[in-house]
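Welcome! Please take a look at the sequence and the 3D view below, and then we can walk through some of the details together.

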Amino acid sequence: MLDLNEKDQILTTASWLTMTWTDERMSWDPSNFSGVDLIHMYVDEIWTPKIFLSNSLSEKALGIVNSEGSILLTSNGHVQLGTAVVQSTQCPIIITYFPFDTQHCPFSYLPDNLLAHQVYFYIVQPGQTHSLVSNQWDLLNVTVVNWVSQHEEFIKGRHVDNYSLGLVCVHLQRDPTYYLTALLLPSTCLCVMAFVTFLAPPDSGERISLGVSMVLGLTVFQLLIVDTLPSSSKTPPIIGNYLTATFILACLAVPFSLANISIAYGDSRLWVLKYSLCRNILLEILPKMFCMPTYRDRVHSVLIVVKPKPLFNKMDEVITLSTSEGTPKKNHEAPLPPTPLPPPSPGRQTEKLSASEKAQLEARTVALVMDRLFLILFIIAFFAVTVFVIMLFKQDLGRTEESC
């Protein structure tokens, strides 16, 4: 195989064609010619059948036999012709299971204007199949089908005429290693990295730019698929649907990230927190499920930072009387241990924050919770798409199409 142009669906091959037939007019008695029973002749010196390759894209579809080739002729009229053939034929490409696909390329031969009773055309199954010289395709098998077809009014004035023809089918299997390492693996990593943006804090300046970069990277892989595969295929490739699904997921991650950033930096209180059930789920239950600080934990941490220094009571310094001088003075040598005031109760802690500070903490808590929730939902959707695609590819296993 020289080349398989998948976009134009053209197969170019170089092969060796051997044709044999018996011509009784070319027989002789070797005893009359000094025992010579084998001679070499040129193609243009004797009659040779004209074989037509019906799916050939070459201008010389009838000239598959080289006119400068040689012929071996035996005394019993047996003729053997061998010639090298380079042909470009049409090969319908089925890209549904790309890059795990198997292609079946036909070569349809028939005699030119020769009926079956004149020349019975028959193709012999090749005994040994040689490997193709291709880095991308492996030769599975070569099958041969021969039959006699009936045509009405093939010749004017004759009702039915029979003519023989043969079909050679070359079965090729693609090596998917290149596309796995250069297409599937990078696109999958880019899609997962687009989901990682939900792990970045809302105040991260590179969050949106990272998501947009991943979307642009997936666009490049979409263009690679378009440039490789034919656009006229009736059934689109499964891998194309997979890349489209991952592209949509990566695109959706960007507006969801923008929505969470707007929630985190909103000035007004979220209306959904007016309902006690939603408030309890978003500020207490979901943060605990996602192993995140709850709203109360954030309030407590903020109050610890701004908490003033504890005050001491009046018994920190003890006043004693000095009998020697008669004037009171302070004795700093043996002070009593300080007694801090009791910590404020949780209910009183919240009252120290202003309404805007409360709304800001609530919004940040909700934004972080939504980030984790979206991350989990996007990962679940990604794995669902991946499993569905794998199941579609498994349907191709065990398919044994042995005809074109």
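## An aromatic pair to start with

Let us begin with two rings: both F98 and Y179 are buried. This is a predicted model, and the two residues form an edge-to-face aromatic pair in it, with 4.7 Å from centre to centre and 70° between the planes. The pair links distant parts of the chain. F98 sits in the loop between β6 (78-90) and β7 (102-111), while Y179 belongs to helix α1 (residues 177-196), and their positions lie 81 residues apart in the count along the chain.

## The chain as a whole

Now for a step back. The protein chain has 404 residues, and 37% of them are buried. Its secondary structure comes to 7 helices and 11 strands.

How much of the contact in the chain is between residues 24 or more positions apart? Among contacts with a separation of 6 or more, such residues account for 73%.

## More rings

The structure holds 11 aromatic pairs. Besides F98 and Y179, which are edge-to-face, we can look at F195 and F382. Their ring centres are 6.2 Å apart and their planes stand at 75°, an angle over the 60 degrees needed, so this pair is edge-to-face. It also links distant parts of the chain, with F195 in helix α1 and F382 in helix α7, 187 residues apart. F195 is buried, and F382 is buried too.

These two phenylalanines belong to a cluster. Ring pairs join F195, F198, F256, F374, F378, F382 and F383 within it.

## Where α1 meets α7

The helices that carry F195 and F382 also pack against each other. The axes of α1 and α7 are 10 Å apart, at an angle of about 160°. That angle is over 145 degrees, so α1 and α7 are roughly antiparallel to each other. Their crossing is right-handed.

Which residues of α1 and α7 meet? From α1 come T188, C191, V192 and F195, and from α7 come L375, F378, I379 and F382. By class, the residues of this contact divide into 7 nonpolar, 1 polar and no charged.

## Where α4 meets α7

Helix α7 (residues 355-394) has another partner to look at: its axis and that of helix α4 (residues 276-289) come within 10 Å and cross at roughly 60°. The two helices are therefore oblique to each other. α4 passes α7 in a left-handed crossing, whereas the crossing of α1 and α7 is right-handed.

On the α4 side, the residues that meet α7 are R279, L282, L283, L286 and P287. On the α7 side, they are E362, T365, V366, V369 and M370. The contact of α4 with α7 has 7 nonpolar, 1 polar and 2 charged residues.

## A closer look at I238

Finally, find I238, which lies in helix α3 (residues 238-264). Is I238 buried or exposed? Its relative accessible area is 8%, which is under the 20% cut-off, so I238 is buried.

What does I238 touch, leaving aside its neighbours within four places in sequence? It is in contact with T96, Y97, V389, L392 and F393. For one of these partners, L392, the C-alpha atom is separated from that of I238 by 7.6 Å, although the two residues are 154 residues apart along the chain.

Conventions:
Residues numbered from 1 in each chain as written. Predicted model: local features only at pLDDT ≥ 70, side-chain atom pairs only at ≥ 80, totals over all residues. Heavy atoms only, no water. Helix = DSSP H or I, 4+ residues; strand = E, 2+ residues; numbered from the N terminus. Buried < 20%, exposed > 50% of the residue type's maximum accessible area, 1.4 Å probe, protein only. Contact = heavy atoms within 4.5 Å. Axes fitted to C-alpha atoms, helices over the stretch in contact; angles between N-to-C directions. Parallel < 35°, antiparallel > 145°, perpendicular 65-115°, else oblique. Left-handed = near helix turned anticlockwise from the far one by under 90°. Nonpolar A, V, L, I, M, F, W, Y, C, P; charged D, E, K, R; others polar. Phe/Tyr/Trp six-rings, centres within 6.5 Å; stacked < 30°, edge-to-face > 60°.
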